[in-house]
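Here is a short briefing to read alongside the model. Have the viewer open and follow the bullets topic by topic.

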Amino acid sequence: MRYQFSSRLKLISVILVIIGLITFGVGYYQNDHIDIKEIETILHNNEKIANSQPMNSAYIHDKPLSQEHINHALDQVHNRPWAAIFIPLMLFFGISATALFFNAIQHAGHAGWSIVIIRVMEGIASYLPVGGILMLIFIILSSYGGEHGGLNHLYHWMDPSLTDQSSPHFDLLIKSKEPFLNRPSFVIRTLIYISGCIFFLFKIKSLTKKLDETKLFSDNQKVYNWSVGFIVFFALASACWAWDWLMSIDPHWYSTLYMWYAMISCLVSSIAVMIIISVYLNKKGNLPAFNNNHLHDLAKFLFGFSLLWSYLWFCQYMLYWYADVPEETVYFFGRYKLYSETYFTMLIPNLVLPFLILVSSKVKRSFVIVPIMAVIVILGHYMDFFNIIMPGTVGAYWNFGLLEIGSFLFILGLFIYTVMYSISKLNLEAKGNPYYHESEIFEYPF
């Protein structure tokens, strides 16, 4: 059975892309015309910003209202369009990568319940080539083309003066990390992560398509083998890209569980997308085998991974705060002080609502409540990446306006079009899989 990509949904996704680009363009124009005089006015009129503790080690030695302080502030303001586009870029790339990871787990674990929606996972993962190419372009532009590194200042460790021992800005810690944190290897690693994900995507999709035709045990074994291979690759790549793309924004700070925290944020968002698309396809009559038992299991994952994310968030926050080491707690102090509107607020959609609403097995079977919760969780984890990326790049000069809305709508429209187009090219009934019948008759045991 194949899904026909409706002209209405195509139009909606295209409109989202166009509105997103226009909105982002207007926001970019407004932001680009902020000059030093306006920065000076902001600093003089807003004591909270002028005397705020810097959240990025590049600005630690700035004297308030000094010329260097003003120049750094201007850099942060002009970082905002880049940071705004980076948030949904990272979120939706992570969603597609973890969808392929979750898909591989089903094959490697010989899962029976999930085969009815296995093509949905493949469809979501099919955004990887588009999202990966955009991410690669973004990383290259962030690494090359500017006076102090890239065309932006998202990664201040790229500034060559920080590793020049004759420079007054020499930073011993960043110098010690130079074997890993240097522009050529940064871009090369990004290329490896993205090309690896795309390779495994096409390999697994081609093998599952062949399995539908042959129904041979040997072909099913190949799907198993390549799925295990991707799980190993993903375990390494997802840890490293969290360090590279996100944690290196704040190179004076590090966390030993950061890669798990970033990965789970993407994984729970990916489960939410699976729920929305599966329910949509079922309502359209294209996924008739999907029932409230499958929805119940997806909702369990949404519930469980939301709690796991919350546990990791609390562990990271509590351990560093309890240690009271200044160079570590500054990561949280700045977010608490200047991002209070978003930092603790994100616990509502990411922990409080999933826990209170999805704890009930009856609610987990609702084709109305669960998709609504899925949308809430996705928005909550957008807020999570907002809190990860914005403080170290934009600092106190953040806002939520045209740039953020436009970039989110643009990537969302692109994601919807790519995923639904890919799903329309797939046979939604994976009858070549030996566990498909088990998935059809699956019933959650109460």
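Tyrosine 343 is buried in this predicted model, because its relative accessible area of 5% falls under the 20% limit. Tyrosine 343 also has an aromatic partner, tryptophan 313, so that pair is a good place to begin, followed by the other rings, the backbone and the surface charge.

**Aromatic pairs between α11 and the α13 region**

- Tryptophan 313 and tyrosine 343 make a tilted pair, with ring centres 5.9 Å apart and 50° between the planes.
- The two partners come from distant parts of the chain: tryptophan 313 sits in helix α11 (residues 292-323) and tyrosine 343 in helix α13 (residues 340-343), 30 residues apart.
- Tryptophan 313 is buried too, at 8% relative accessibility.
- Tyrosine 317 and phenylalanine 344 form an edge-to-face pair, at 5.9 Å centre to centre and 85° between the planes.
- Because tyrosine 317 belongs to helix α11 and phenylalanine 344 to the loop between α13 and α14 (347-358), this pair ties together parts that are 27 residues apart in sequence.
- Are the members of this edge-to-face pair buried or partly exposed? Tyrosine 317 is buried, with a relative accessible area of 17%, whereas phenylalanine 344 is partly exposed at 29%.

**Aromatic rings elsewhere**

- The count of aromatic pairs comes to 49.
- One aromatic cluster is formed by Phe93, Phe101, Tyr193, Phe199, Phe200, Trp226, Phe230, Phe233, Phe234, Trp241 and Trp245.

**Positive phi outside glycine**

- Histidine 110 is not a glycine, yet its phi is positive, at about 50°.
- You will find histidine 110 in the loop between α4 (67-108) and α5 (118-125), where histidine 110 is partly exposed at 36% relative accessibility.
- Lysine 215 is another non-glycine residue with a positive phi, here about 55°.
- The loop between α8 (183-214) and α9 (217-246) holds lysine 215.
- Lysine 215 counts as exposed because its relative accessibility of 52% is over the 50% cut-off.

**Positive charge on the surface**

- Which residues gather in a patch of positive charge on the surface? They are Arg2, Lys10, Lys209 and Lys425.
- Lysine 10 is placed in helix α1 (residues 7-32).
- With a relative accessible area of 33%, lysine 10 is partly exposed, and so passes the over 30% requirement for patch residues.

Terms used: Residues are numbered from 1 along each chain as its sequence is written. This is a predicted model: local features need pLDDT of at least 70, side-chain atom pairs count only at pLDDT 80 or more; totals for chains, interfaces and linings use all residues. Side-chain values use heavy atoms; hydrogens and water are left out. Patches are made of residues with over 30% relative accessible area and no salt bridge: like charges are joined within 9 Å, nonpolar side chains (Val, Leu, Ile, Met, Phe, Trp, Tyr) within 5 Å. Accessible areas come from the Shrake-Rupley method with a 1.4 Å probe; for residues, only the protein chains shown count as cover. A salt bridge is a side-chain nitrogen of Lys or Arg within 4 Å of a carboxyl oxygen of Asp or Glu. Lys and Arg count as positive and Asp and Glu as negative; His and the chain ends are not counted. The place of a charge is taken as NZ of Lys, CZ of Arg, CG of Asp or CD of Glu. Helices (H or I, at least four residues) and strands (E, at least two) are DSSP runs, numbered from the N terminus. Buried means under 20% relative accessible area, exposed over 50%, partly exposed in between (1.4 Å probe, protein chains only). Rings of Phe, Tyr and Trp (its six-membered ring) pair if their centres lie within 6.5 Å; planes under 30 degrees apart count as stacked, over 60 as edge-to-face and the rest as tilted.
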